[in-house]
Amino acid sequence: MRLFKKFIFFIIFFLNINFSYGETNIVYLDLDFIFSNSLVGKYINSEIEKQHKQNLENFKKEEKALKDEEIKIVSQRNILKNDEFEKKINELRNKVNLYRKHRQESINKLNQLRMDSTSKILQEINPILTEYSKKNSISMIVQKKYIVIGKSELNITQDILDQLNNKIKKIELK
């Protein structure tokens, strides 16, 4: 009788485990691929790259002007009085500090723009993922970067990319 109870206990225990694993449906998604290959992602990347190149051109012009001014001041060193020379050097230092501050602000602005646009894309992807998971009875969607090995049949990146491309083409950048 004891042996029979143990046998029944083990059968029930193993059947419960099999049922719990059988109902779980997990897939994965490569968000980096979606950000770089979706129409909206490509648009955002190109706009940010344009702004970055424009900033670089402006910074090169400012740097050249500052270097020219430095050369001019150094060449006048023997001609100017020490007070005037120090005054011009201090003015140049102030201009350099303003340039550095302006450059850092521009870099921070572009980084913030990139983060905001990524957030907007995620807001557009979330309803798509919710609908997709309900439609296909998916229990969990995991980012690909957290997966070591997974079957390629579990990758839903292309499906979500297609739906995102159909839903949105551009996002307004501020």
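The following paragraphs describe the nonpolar cores and the salt bridges of this structure. The model is a predicted one.

The interior is considered first. The largest nonpolar core has 22 residues, and those that touch the most other members are Ile121, Ile125, Ile160 and Leu164. Several elements build this core: strand E1 (26-29), helix H2 (31-37), H3, H4 and H5 each contribute at least two residues. The greatest share comes from H4, which gives 7 residues. Isoleucine 125 shows how the contacts are arranged around one member. Leaving aside residues up to four places away in sequence, isoleucine 125 touches Leu31, Ile34, Phe35, Ile160 and Leu164. Apart from the largest core there is another, of 8 residues, which includes Phe59, Leu80, Phe85 and Leu92.

Attention now turns to charged side chains. The model contains 5 salt bridges, and three of these pairs are described here, beginning with one inside a single helix. Aspartate 68 pairs with lysine 64, with 3.3 Å between the closest N and O atoms. Both residues belong to helix H3 (residues 39-75), where they are 4 residues apart, about one turn of the helix. How accessible are aspartate 68 and lysine 64? Aspartate 68 has a relative accessibility of 39% and therefore counts as partly exposed. Lysine 64 is exposed, because its relative accessible area is 53% and the cut-off for exposed is over 50%.

A second salt bridge joins lysine 95 and glutamate 69, whose closest N and O atoms are 3.1 Å apart. Lysine 95 is in helix H4 (residues 82-135) and glutamate 69 is in helix H3, so this pair ties together parts that lie 26 residues apart in sequence. Lysine 95 is partly exposed, with a relative accessible area of 40%. Glutamate 69 is also partly exposed, at 23%; this value does not count as buried, because buried means under 20%.

The third pair consists of lysine 167 and glutamate 124, with the closest N and O atoms 3.6 Å apart. Which helices does this pair link? Lysine 167 lies in helix H5 (residues 157-167) and glutamate 124 in helix H4, so that distant parts of the chain, 43 residues apart, are linked. Lysine 167 is partly exposed, with a relative accessibility of 45%, and glutamate 124 is partly exposed, with a relative accessible area of 24%.

Helices H4 and H5 thus appear in both parts of this account: each supplies at least two residues of the largest core, and the salt bridge of lysine 167 with glutamate 124 has one residue in each of these helices.

Definitions and conventions
Residues are numbered from 1 along each chain as its sequence is written. This is a predicted model: local features need pLDDT of at least 70, side-chain atom pairs count only at pLDDT 80 or more; totals for chains, interfaces and linings use all residues. Side-chain values use heavy atoms; hydrogens and water are left out. A salt bridge is a side-chain nitrogen of Lys or Arg within 4 Å of a carboxyl oxygen of Asp or Glu. Buried means under 20% relative accessible area, exposed over 50%, partly exposed in between (1.4 Å probe, protein chains only). A nonpolar core is a set of buried Ala, Val, Leu, Ile, Met, Phe, Trp, Tyr and Cys residues joined through side-chain atoms within 4.5 Å. Contact means heavy atoms within 4.5 Å.
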